[in-house]
Amino acid sequence: MFGGEPDTKKGRKCIAVAALLLTASIVALLRTVPAFSQETELRGEVSESAILADQQRKARQLRPQGSLDQAVPATQMAEDQTPANPYEPASPGAVPDDDQTGGAEGSIFNQPQATDDPFADNQTIAAPRRPSTARQGSAGANAKSDAKAADKNDGANRRAVTIDSVDRQKLDPGAERTGSIEGQKVKLEDDAFAAPGIKVGTFVFRPTLEQGLTATSNADASAGGRSAVLSETALRFSATSDWRENSAVVDGYGLFRNTVSGQKINDAQGRIEGQLNVDLDNELRAIAKLGYEAVPESASSPDAIAGVTSQPLRQTVDGSLGIEKDVGKMRYALTGAVSHDFYGDAKLSDGTVLSLKDRDSTLYSATLRTGYQVSPAMTPFLEVEAGRRIYDLRLDSNGFERSSTRLGARAGLELDMREKLSGEFSVGWLREGIDDDRLPAIAGPYVNADLRWSPERGTIIGLTGRTTVETTTIANESGDLLYSGRLTGERQVRANLTANTALGLDWRDYTGSDGHDLVLSAEAGLTWWLNRYAGLTTRIRTEKLTSNLPGRDYVANSVYLGLKVQR
């Protein structure tokens with residue numbers, strides 16, 4: 001009986017060791033599944049090629065590890081893993097608790113350390129659980145080390161091939177997704193129906209063509225005018241430079257009228273002008289202008305010839321060159337101008353031709369302006385003018401010397417309040433003395449204005465005024481001073497509907513007599529844009545001339561309807 005007791009104790013120890021190993025294996029297997037599910041964060045499918053590559057890498061890593069484990073002697077491993085004070089159970093078959101062992105930090109319930117690099121050389125493997133015997137320590141260490149290495153490598157490799165890891169990779173800057181067009185802020189256009197223009201070289205060209213019919217009670221705006229229906233064609237254009245520093249603008253128009261029914265009218269007129277602005281050094285600017293105009297003589301002009309099939313054509317070529325200089329708040333400007341007028345022949349009703357070469361003349365003038373900038377919005381100025389008008393023929397058909405000398409002085413104010421109010425106006429005195437002593441000088445007050453006022457968005461009020469010296473070749477007459485004024489208004493009723501009005505007043509004062517003419521006019525119109533490129537336009541106009549000279553009064557009323565296209 002006593003002889004078999006040691007065998008019984010030995011058997012109990014073997015059973016305890018086997019149970020311990022079985023329990024550790026089951027716990028390790030159960031622990032592997034949640035470890036993968038918590039650390040991999042796998043939310044997509046993994047390709048078979050990635051899984052196969054993962055298994056091959058894991059096998060390659062485990063082979064060197066197994067060979068190293070076999071090379072270590074079992075006795076040395078047992079000595080290294082045996083604690084200094086091994087646990088001695090108080091009763092047969094007892095095993096130590098986890099918290100009583102020296103390898104508590106390597107418990108099977110601890111989470112394995114994750115690494116993103118499965119090929120790292122210095123991977124740390126948690127220390128295995130240290131059993132009470134060398135054999136148990138060697139077997140448990142090898143099994144647990146293999147399980148943890150497989151767990152760690154498998155989890156790291158699985159994380160490397162997940163769909164989320166691919167999405168987190170940094171994209172090439174050229175392949176990054178841009179924001180949607182709908183989400184970007186779009187700058188609203190000031191005028192959605194304005195002409196977009198055509199790019200021609202370094203200029204933006206904006207042409208407008210208007211075609212319509214006019215019904216009028218006085219076709220040629222004269223005392224003897226009759227009613228008619230006219231076909232009107234108007235071509236207008238504007239070209240603006242797109243330069244970095246300097247600027248240039250070219251404007252022009254052409255108007256053609258032909259009779260559809262009623263009084264015979266067949267005429268054409270037009271003008272083209274350009275302006276070049278050049279910024280020089282030291283606050284110095286140069287402004288150059290050049291223009292050409294062709295307009296038939298008006299039937300209501302004091303120089304109109306009676307009994308002609310068509311009035312003669314007056315052509316004008318003009319140009320100017322100005323230099324502007326700023327010195328502190330002082331403003332200086334010097335401008336030289338040349339204007340040449342020449343007339344075509346008049347065709348009389350009897351078939352003869354009347355030459356008007358004695359009316360051809362050239363005006364040379366120079367203007368000096370000095371101003372002081374009181375504020376950025378206001379600059380008062382003084383201006384003096386001197387000029388000489390020279391006729392191509394020294395004596396006209398009546399034997400008078402028509403050449404003259406021109407002198408003028410005026411004071412004015414220049415305004416610059418941006419889009420609210422801008423422009424200038426001036427008043428003064430102008431005199432043009434004729435060389436022939438038998439003819440009195442043309443002299444009188446001088447008025448000039450060009451203002452634009454915008455009381456609110458979409459509304460523009462304009463005021464223009466000018467004084468013109470009109471010369472003549474009528475015997476014993478010097479000419480007259482013509483004062484012209486226009487008050488215009490433009491209102492954008494809707495985005496595609498624009499209304500415009502105009503009031504006009506002309507006063508002609510004849511030199512050497514008490515004769516005068518008064519011309520009053522009014523006009524109203526609408527333009528309805530069908531789209532950005534085409535619109536319907538209509539206007540009504542009335543004009544009345546009243547004179548104290550016989551045979552000059554007239555009234556003209558007209559209605560126009562047409563189609564306007566632009567680009």
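Reader: What is the relative accessible area of Arg-236?

Author: The model is predicted: local features need pLDDT of at least 70 and side-chain atom pairs count only at pLDDT 80 or more, whereas totals for chains, interfaces and linings use all residues. Residues are numbered from 1 along each chain as its sequence is written, and side-chain values use heavy atoms, with hydrogens and water left out. A residue is buried under 20% relative accessible area, exposed over 50% and partly exposed in between (1.4 Å probe, protein chains only). Arg-236 counts as partly exposed, its relative accessible area being 42%.

Reader: With which residue does Arg-236 form a salt bridge?

Author: A salt bridge requires a side-chain nitrogen of Lys or Arg within 4 Å of a carboxyl oxygen of Asp or Glu. For Arg-236, the closest N and O atoms of the pair are 3.8 Å apart, and the partner is Glu-210. The pair links distant parts of the chain, 26 residues apart, with Arg-236 in strand 3 and its partner in strand 2; strands (E, at least two residues) and helices (H or I, at least four) are DSSP runs numbered from the N terminus. The buried partner, with a relative accessible area of 5%, is Glu-210.

Reader: How many residues apart in sequence are Glu-232 and Arg-539?

Author: The side chains of Glu-232 and Arg-539 meet in a salt bridge at 3.8 Å, N to O. Glu-232 is buried at 12% relative accessibility, while Arg-539 is partly exposed at 27%. The pair links distant parts of the chain, with Glu-232 in strand 3 and Arg-539 in strand 21, and the separation in residues is 307.

Reader: Which residue forms a salt bridge with Arg-508?

Author: The closest N and O atoms of this pair are 3.8 Å apart, and the partner of Arg-508 is Asp-480. Arg-508 lies in strand 19 and its partner in strand 18, so the pair ties together parts that are 28 residues apart in sequence. Both residues are buried, Arg-508 as well as Asp-480.

Reader: How many bridges pair strand 18 with strand 19?

Author: Two strands pair if DSSP finds at least two bridges between them. A hairpin joins strand 18 to strand 19 through two residues, and Gly-489 stands opposite Thr-501 in strand 19. On its pairing with strand 17 (residues 459–471), strand 18 runs antiparallel over 13 bridges. The pairing of strand 18 with strand 19 (residues 497–510) is also antiparallel, and the number of bridges is 14.

Reader: Which strands each supply at least two residues of the largest nonpolar core?

Author: A nonpolar core is a set of buried Ala, Val, Leu, Ile, Met, Phe, Trp, Tyr and Cys residues joined through side-chain atoms within 4.5 Å. The largest has six residues: Leu-430, Ile-442, Tyr-446, Val-469, Leu-481 and Tyr-483. At least two of them come from each of strand 16 (442–453) and strand 18.

Reader: What is the relative accessible area of Ser-426?

Author: Contact means heavy atoms within 4.5 Å. Leaving aside neighbours within four places in sequence, Ser-426 is in contact with residues including Phe-381, Arg-410 and Tyr-446. Ser-426 lies in strand 15, and its C-alpha is 6.5 Å from that of Leu-413, 13 residues apart in sequence. Ser-426 is buried, with a relative accessible area of 3%.

Reader: Which strands stand at the edges of the open sheet with the order 7-10-11?

Author: Three strands form this open sheet, and their pairing is antiparallel. Strand 7 and strand 10 (residues 346–348) pair over two bridges, and Val-308 stands opposite Leu-348 in strand 10. Each edge strand has a single partner, so one side of each is left without a neighbour in the sheet; these are strand 7 (308–310) and strand 11 (353–354).

Reader: What is the phi of Arg-418 near?

Author: Most residues other than glycine have a negative phi. Arg-418 lies in the loop between strand 14 (404–416) and strand 15 (421–434), and is exposed, with a relative accessible area of 68%. Its phi is positive, near 60°.
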